[in-house]
Amino acid sequence: MTSFKTLMQREWLQHRFGWALLAGVPVAIILPLLTLGQVNFGEDTTAHMAGSMPLFITAASLAATVMVLVGILWSASLIQMSGLARRDHGDRSNEFWLSLPTGDAPSLAAPLLVHLVLVPLAAVAAGLVAGLLVSLVLVTRVTGLASWFTLPWGTLLTAALAGAARLAVGIPLAMLWLLPLIMLTVLAGAWFKRWAVPVLIVAFGLAGLLFERLLGLPLIDAWVSRLFEMAGRALLATGGHGLTIEGQSDLLAGLQAAPRWVASDVLNALAALAQPVFGFGLLVSAGCFAALMWWRRR
Amino acid sequence: MPTWNDKFPIYQQLADVLVAGLLDGEPADGEAMPSVRTLASRYLLNPLTVTRALQALGDSGLLENRRGLGHFVTPGARERLKQAERQRFLGEEWPRLRTRLRRLDIGAEHLQWESK
Amino acid sequence: MSEFLVEAVGLSVRYGSKAAVDDVSFTIPKGRVVGLLGHNGAGKTTLMRALVGLAKPEGKLSVLGLSPRAQRQELLTSVCYIPDVAILPRWARVGELITLMSGLHPKFSAERARALLRRTSVGLNDKVKTLSKGMVVQAHLALVAAIDARLMVLDEPTLGLDVLSRKAFYEMLIDEWCDGERSVLISTHQVEEVEALLSDVLMLNEGKLVLSTSLEDMDRRFVALSHDPAVAEQMAAAHPLLRYRVMGGSAALFDGAPPDSVLALGQRVRPSLVDLFVALTRKPELDRTQF
C-alpha cells in the first residue's frame with residue numbers, strides 16, 4: 001500500500017507545478033479582466049433575474065469556473081496519459097523506475113488514477129474556490145459588495161456542494177466509460193509514440209469499414225459514439241428532464257432543490273452502468289492493461 | 001594512500017608497511033592491531049587482502065590471532081624485528097653504504113649524527 | 001540454499017544471430033568485490049543486464065537463488081543495479097528521490113542516503129537536471145548504497161568522476177559494502193586504480209570468459225619475470241603469454257611457472273591485472289586458449 005501511495009506521490013511531485021499553472025493562469029487572467037473590463041449580462045437576463053442578479057451571477061460563476069478548470073485540467077490529463085507508456089523513456093529514467101521492486105500493475109495504475117480521476121476532482125474543488133472569487137468580483141461590480149454578503153449562502157453552498165458531489169461521482173464514471181478508448185490510445189503509444197492518436201484513428205476507421213462490409217453494421221462508429229454519449233450521461237444523466245430556470249423565482253427554488261435532484265441523477269447514472277457495452281468496455285480496458293504490463297517487462 | 005608497486009603482491013607490500021609500523025612500536029607489544037576493516041579503509045584495500053597480510057605476519061610469528069578478538073602483537077615481536085633489521089643492515093646495507101662513502105671520501109667527521 | 005550469490009552455467013545472451021555473451025560460466029560467492037573487465041563491446045553490460053533480469057539469457061543463471069527474468073521483482077529487493085548511463089529522473093530533486101525510494105524500496109534507508117550524500121558535493125535540494133554527469137553518478141551511488149542489498153551490480157560507476165570523487169567512491173565501497181556478506185560486481189576501464197580493491201576478477205573478451213579467478217590464485221598462477229633485454233630471445237622461446245616493457249627493462253608473463261632455467265634468467269615480479277588483461281584480450285594472431 002505504501003508503494004502505491006508513493007507512486008501517486010511521484011505524480012504530485014512531478015506535476016504539481018504544472019497543475020498549479022494550469023489552474024492558476026486562467027484565473028489570474030480572468031480576475032483582472034473581470035475587475036477592469038466590461039461586464040454586461042444582456043438586457044433579457046437582467047430583466048428576468050432582476051433582484052436575484054447577485055444570486056444568478058454567483059451560481060453562474062461557480063458553475064462556469066468549475067467547468068473551465070475541469071475542462072482544462074482534464075484535457076491536459078488525457079493528453080498526458082496518452083503518452084503514459086513512453087513517459088520516462090526520454091531521459092531514460094524508465095530504467096530507474098524499473099530498477100525499483102514495484103509491480104507493473106501499480107506502476108501503471110497509479111498515474112492513471114491520479115491524472116484521470118484525482119486531478120479533475122481537484123479541479124472541481126479549485127473551481128469552486130476560484131468561482132467564489134469570480135462571483136465576488138462580478139457581484140461587486142454589478143450590484144455592489146454588500147449584496148454579495150447578503151446572498152443566501154446556506155442554499156448556495158449546499159447547492160454548490162451537491163453539484164461538486166455530482167461531479168465527484170460523474171467524473172470517475174465518465175472515465176470508466178471512456179477507459180477502453182483511453183487504454184487503447186496508451187497501448188498504441190507504446191509502439192507508435194507520438195503517432196498513437198493518428199494511428200488509432202486510422203485503425204478505427206479501417207475497422208469500421210471492415211465491420212460495415214462484413215456485417216452491414218457501423219459497429220465501430222456506434223460503439224465509440226455510444227461511449228461518448230454514456231460518458232456525458234455519467235456527468236449529467238437527466239437528459240431532457242433537467243432543471244429549467246426561467247426567472248428569478250425558479251432560480252432560488254432550483255438551488256434549493258439541487259441536493260435532491262443530484263441524488264436522483266446519481267442513481268440514474270449508476271443504473272446506466274448495467275449495460276453490456278459497459279462490461280465490454282471494461283474487458284477491453286483490462287486487456288489493454290495486461291498488454292501494457294507485458295510490454296513494460298520486455 | 002600509498003601507491004602499490006608492481007614488484008610484489010599487494011598483500012606483501014601491506015605486510016611490509018605494517019612491519020615498519022611495528023618497528024616503530026605502532027602498535028606496541030601485546031596491543032591489538034587495528035581491525036581488518038580499519039586497515040582496509042585506511043589503505044583502500046579489499047579486506048581479504050588485508051587478512052592475507054595479517055596472516056602472513058602471523059605466520060612469521062609477529063602477530064597472534066585470538067579468535068573473535070583480532071590480531072595482537074606477539075610479546076617480544078618488536079625486539080625480534082629490530083634484531084633482524086639490525087642484522088640485515090649491518091650485514092648487507094652497511095657494507096654497500098660504507099663502500100659508497102669511501103668512494104666519495106666521506107669520513108665520520110662529515111656525517112651529521114644529530115638530526116631530526 | 002546455494003552458498004553462491006550468483007551462479008552461471010553456460011550462460012549466453014544473443015541479439016539476433018550475434019552472441020553478446022557466449023557460453024559463460026562462473027560463480028560469485030558472498031563477501032567479494034568482483035571486477036568485470038573487458039574492452040568495449042566485450043559483453044560486460046549485457047552480462048550485467050542479464051544478472052538483473054533486463055536481458056533474456058540462455059543457459060542456467062541463478063542470482064540469490066532466483067531466476068532474474070522470472071522473479072525480477074523479488075530479486076530487485078536485494079539486488080541493485082546502476083547502468084553506465086545516467087538514469088535518474090531529470091525533473092526530480094535529490095531529496096524527492098530519497099522520499100520516493102523510501103516508499104518504493106523496502107530495504108532503503110533514507111537516513112543512510114542523506115549521510116552518504118553529505119560526503120558528496122550534491123545537495124538535497126539540487127534538481128537532477130542541473131547536476132553535472134559526475135554528480136549524477138555520485139547521487140545515484142549514494143542512493144543505491146543506502147539500500148541494504150546483498151548484491152550490487154555497477155556498470156562503470158566511476159565514469160565521469162574526478163579523482164577525488166573516485167577516491168570517495170572507493171572509500172564508500174570499502175566502508176559500507178565490504179562486510180563479508182555482500183558482494184559487488186563492478187565493471188570498469190580503470191583497471192590499475194581498482195585492482196587493489198578487488199578480490200576476484202572476471203575477464204571477458206568478445207563475449208567469452210577468458211579468465212575467472214580470485215586475485216589470490218592469480219598471484220600464484222601467473223608468473224611475471226622482469227629481465228635484461230639480453231635474454232629476450234630465451235624468454236621468447238619459453239612461449240610467454242605476453243612480453244612487454246617495464247621501467248628499466250623488459251618482462252615476460254607466463255601462465256604457470258616456466259622451467260627453472262628460464263626462471264633464473266629474470267626476477268619474479270607481480271603480474272599486474274593490466275598486463276594480464278592485455279595478454280588475454282589481444283587480437284588473435286596468437287593462439288587464444290580458454291582458461
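## A walk through chain C and its neighbours

Start by selecting residues 33–37 and 183–187 of chain C: these are strands β3 and β7, which run parallel and are joined by four bridges. Keep in mind as you click around that this is a predicted model. For a single pair to zoom in on, pick C:Gly35; its bridge partner in β7(C) is C:Ile186.

Now widen the selection to the whole sheet. It's an open one in chain C, with six strands in the order β5-β6-β7-β3-β8-β9 and mixed pairing. Colour the edges next: β5 (79–82) and β9 (208–214) of chain C each pair on one side only. If you look across the strands, neighbours in this sheet are turned by 15 degrees against each other on average, ignoring direction.

Next stop, the border with chain B. Here 15 residues of chain C are in contact with 14 residues of chain B. On the chain C side, select α6 (163–177) and α8 (215–221), the elements that give two or more residues. The top contributor on that side is α6(C), with four residues. Colour this side of chain C by class and you'll get eight nonpolar, two polar and five charged residues.

Last, bring in chain A. Its contact with chain C takes 19 residues from chain A and 17 from chain C. On the chain A side, go for α1 (2–36) and α4 (93–98), which are the elements giving two or more residues. Here α1(A) gives the most, with eight residues. The class colouring on this side of chain A comes out as four nonpolar, nine polar and six charged residues.

Key: Residues numbered from 1 in each chain as written. Chains lettered and ligands numbered in written order. Predicted model: local features only at pLDDT ≥ 70, side-chain atom pairs only at ≥ 80, totals over all residues. Pairing = 2+ DSSP bridges. Axes fitted to C-alpha atoms, helices over the stretch in contact; angles between N-to-C directions. Contact = placed C-beta atoms within 7 Å. Nonpolar A, V, L, I, M, F, W, Y, C, P; charged D, E, K, R; others polar.
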